[in-house]
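Please look at the model below with one topic in mind, namely how one chain meets the chains beside it. The report that follows takes each contact side in turn and then turns to a single helix.

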Amino acid sequence: MITLDGVRAGYDTPSGFVAAVDGVSLTLADHEILGVAGESGCGKSTLVRLIYGEFGARTPLRLASGSIAARFPGADGGAPIAVPGERLRAHWWDLVTYVPQGSMSVLNPVMRIGAQFVDALPGRRRGHGMDAEIAAFLAEFDLDSQVLRAYPHQLSGGMRQRVLVAMAAFVHPRVILADEPTTALDVVVQKRILILLRQVQRRQRNSVVIVSHDLGVHYQVADRLAVLYAGKLIEIGPTDPVFARPLHPYTQGLIEAIPRVGDDQPRGGIEGRPPDLAAPPPGCRFHPRCREARALCARAEPALEEKAAGRFAACHFR
Amino acid sequence: MGVVAYIAGRLVAYVLVILVGITTVFVVPRLLPTNPVEAMLGKLTSQGAYMDPVQVDALRRSLTDAFGLHGSVLAQYGRFLHRVLLTGDFGPSFAMYPTPVSTLIREALPWTFGLLLTSTLIAWTLGNLVGLLIGLYPNRTSSRAMEAVAVCIYPIPYYVLALVLSIFFSYIWPIFPLTTTVQGAPWTLDFVGSVIWNSFLPALSIIIVVFGWWVISMKALSQTVVQEPFVHYARLRGLSETRVLGAYVARNAMLTQVTVLALQLGLMFSGSLVCEILFAYPGIGSLLYSAVVQGDYNLLMGTVALSIVAVATATLAIDLLYPLIDPRVRYR
Amino acid sequence: MRGSGRLAAGLSMMAVFAVLGFGLPWFAPNDPRQWQTVPRNRLPSFAHLLGTTNLGQDTFWLLTWAIRNSLMLGISVAFLATLIGVLIGLTAGYRGGATDRVLSFVMDSFLCLPGLPVLILLASLLQGSASLPLIAVVLVLFNWPFPARQIRAVALSMREREFVHVAWFSGESGLRIITRQIFPYLRPWAVANLVNTVLVTLAVETSLAVIGFSSAQQATLGTMIYWAVKYQALLAGRWWWIGPPVVAIIVLFIGLFLVGSGLELRRAASRGRSIA
């Protein structure tokens with residue numbers, strides 16, 4: 001499992017440090033699928049980068065305070081590993097893998113899929129027989145072994161995304177991080193990839209973090225849902241109860257914005273846009289857009305509290 | 001299908017470019033007020049050669065014929081195209097009568113070809129390697145020094161550099177010959193050594209100038225490629241830095257540089273002509289020069305037309321080889 | 001930072017050349033183009049800062065005159081070529097369709113043609129009577145396709161940009177969109193290209209001159225080298241004759257290149273800022 005404790009991290013800009021993730025504490029349990037939701041610019045991708053350990057001197061992302069640690073049963077006898085900040089450890093990909101967004105631009109356009117697949121494998125697992133093993137593995141993703149000989153531009157968007165999922169899953173990692181894995185794909189392809197991801201997780205018994213702005217995605221696959229707003233974790237809990245009875249007005253707004261079949265009422269949604277992270281509003285960061293905001297909300301920042309069993313939210317009045 | 005369409009497109013463009021080039025060679029002399037036949041006759045008579053009017057008339061007729069100047073402009077154009085494209089025949093050289101222009105060109109061509117091919121390959125490879133290193137490690141002292149050198153030599157025109165080199169190596173520190181004189185029987189060790197020895201300065205001056213350009217363009221290019229998401233993702237997957245730089249950065253950047261090479265050929269060819277003239281190197285450039293100096297119109301038209309065809313053909317060759325190395329074209 | 005440093009260095013070098021080429025020739029004591037106006041083959045002295053030539057010209061004043069002509073040729077060709085290139089490139093990229101195909105083909109053909117042999121052909125047929133304006137016209141002919149091709153690519157992508165769409169839907173005419181929306185966007189690029197074309201023009205003219213095919217009546221940096229080489233300044237060790245034009249050209253080129261690349265770096269930097 002991976003634990004974030006009071007993590008404040010962000011980027012140095014000409015006008016000073018801007019925290020994209022601010023005071024976030026959460027635990028990714030073993031064998032769970034954690035969905036991370038929120039509008040663009042709420043710190044979702046930054047959170048994934050932090051968990052992957054892609055921060056420190058050689059990257060623009062800086063960990064200002066807090067800590068991130070990983071503890072995997074079996075590996076290293078379960079002792080906690082500080083998530084690498086300075087540089088990626090050589091074998092990190094064995095433990096934590098990453099499915100990026102934008103499948104066209106993340107694959108080398110002039111290299112065959114097979115070679116790129118093998119590239120990510122640790123040296124000891126290369127060699128003869130690998131191709132057959134990879135081909136067998138790809139078959140589980142409904143991908144023909146021909147794919148290995150293809151170049152990225154020869155595959156459809158859905159196929160490329162499945163290749164990326166397969167690349168991330170092939171090493172049987174402890175954690176798969178998926179950053180908007182289905183964005184820009186049509187709904188049918190999207191559903192297929194989500195089901196594949198879920199199957200992989202069940203079979204390999206690892207943890208998956210799915211980042212998506214689309215609550216529909218989380219409804220389909222996530223065991224737990226974490227909602228970020230302006231760098232703050234404002235609600236986290238098991239998916240079904242969260243959807244049935246959201247605790248935070250922001251979560252409620254997001255859920256209400258989902259279109260439903262047979263409902264021709266205009267969707268409520270949330271007025272306005274997330275605040276500028278360089279100058280967030282005082283108190284509760286959501287209060288300027290909140291329909292239920294009261295005087296207290298502008299003054300005091302609500303803490304993330306357990307409101308029901310396993311359900312946490314940061315709101316003064318819920 | 002994609003490849004066929006690609007090749008067909010290139011071939012059509014190639015034919016059209018050659019047509020445009022040959023037409024230019026045809027049109028330019030006809031736009032000028034001077035009549036090449038009269039100019040030629042004037043030149044012959046002014047050299048003191050006595051000719052009676054009958055001779056002059058016969059010569060005028062044969063010159064008009066040789067230049068293809070009889071008949072309407074359209075008929076002339078048709079004959080010109082037919083002659084140049086189908087037979088490669090430009091008539092006899094006047095200065096070296098009766099050697100055909102095509103023979104002279106055939107003798108000069110390997111020299112130019114060898115010089116340009118060798119120096120281009122060396123400069124392209126070295127320049128791109130250095131440019132890649134500078135682009136990847138822009139903050140190293142050696143990178144900054146190398147870049148400063150490239151910035152200073154790139155803008156210098158070929159012939160100025162050639163001139164400086166010739167001043168240095170032939171007057172101040174005379175180790176290389178200033179003009180080309182080849183010794184030894186063809187294809188003996190002596191001969192080859194002598195060719196290399198004599199080609200050294202012209203090749204060096206081309207390499208140095210072209211090198212600077214490749215360094216500068218490759219630096220900019222590799223800095224862009226390094227920021228591509230696929231490079232970032234490769235690093236995230238824990239690939240070794242050598243693998244990332246070689247297979248992900250360099251391979252992509254080099255492919256772009258091949259297409260740039262195709263675009264630069266014309267410029268490089270022009271540059272090599274000047275180098276040849278300055279070093280009296282027995283290639284197309286020197287042939288062109290002597291044609292001009294001796295007023296040898298047939299030779300002049302032949303070399304200029306050949307220059308156009310040669311550059312267009314070399315460009316076509318690169319374009320046709322390109323799908324073999326870039327899969328994106330192959331399957332588009 | 002480095003872009004502005006380059007730009008400053010390049011601009012100050014160019015300022016020196018502007019003074020040398022456009023300011024000083026007015027003060028020349030006599031027409032430096034005339035032969036035998038001063039004693040021949042003198043070493044540099046106070047009377048003749050860079051000595052005198054074998055033909056009895058004052059090298060310094062001849063140099064100022066040559067710089068003047070070279071700069072004028074380079075700037076006028078670059079200006080015309082860039083103007084034509086931008087107009088044709090914009091037309092091709094903006095109109096698209098058959099117009100684009102025809103114009104693109106013409107551009108590509110001209111890019112493939114080696115310009116120097118054709119120039120040599122022309123110069124030789126004119127037998128030394130090629131004037132600088134004529135050479136300029138031919139140079140323009142060979143130098144417009146490069147900016148045109150690049151501008152076309154930019155214009156193609158510009159058509160899809162949001163602000164152009166906005167202008168389109170708000171009912172502005174095509175010409176107005178080009179002049180009011182697209183051209184300001186291209187201006188920095190056009191300036192950089194202008195500088196680079198000056199460079200190319202000077203390189204080609206000097207190449208022509210050095211092998212004796214430029215205008216014989218006008219002094220340019222190239223013809224200066226030509227006469228010096230022709231009268232064996234090298235063999236006779238008259239470095240003050242051959243040296244100044246060679247050094248001037250090298251410095252001029254480096255200056256121009258610094259201005260050009262400085263402008264480009266600055267443009268890249270400002271683009272980076274607007275994204276961040």
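## Chain B and its two contact sides

In this predicted model, 41 residues of chain B are in contact with 32 residues of chain C. On the side of chain B that touches chain C, at least two residues each are supplied by helix 1 (2–31), helix 6 (141–153), helix 7 (158–172), helix 10, helix 11 (284–293) and helix 12 (297–325) of chain B. Among these, helix 1 of chain B gives the most, with nine residues.

Turning to the other contact, 19 residues of chain B are in contact with 20 residues of chain A. Here helix 9 (229–236), helix 10 (241–279) and helix 13 (327–330) of chain B each supply at least two residues of the side that touches chain A, and the largest share, six residues, comes from helix 10 of chain B.

The classes of the residues on each side are set out below.

| Side of chain B | Nonpolar | Polar | Charged |
|---|---|---|---|
| touching chain C | 33 residues | eight residues | no residues |
| touching chain A | eleven residues | two residues | six residues |

## One helix of chain B

How far apart are the end C-alpha atoms of helix 4 (residues 73–87) of chain B? They are 20 Å apart, and this agrees with expectation, because at 1.5 Å a residue the 15 residues of this helix should span 21 Å. Just after helix 4 of chain B comes Gly88(B), which takes a positive phi of about 60°.

Definitions and conventions. Residues are numbered from 1 along each chain as its sequence is written. Chains are lettered from A and ligands numbered from 1 in the order in which they are written. This is a predicted model: local features need pLDDT of at least 70, side-chain atom pairs count only at pLDDT 80 or more; totals for chains, interfaces and linings use all residues. Two residues are in contact if their C-beta atoms, placed from the backbone, lie within 7 Å. Helices (H or I, at least four residues) and strands (E, at least two) are DSSP runs, numbered from the N terminus. Ala, Val, Leu, Ile, Met, Phe, Trp, Tyr, Cys and Pro count as nonpolar, Asp, Glu, Lys and Arg as charged, and the others, Gly among them, as polar. The expected span of a helix is 1.5 Å times one less than its number of residues.
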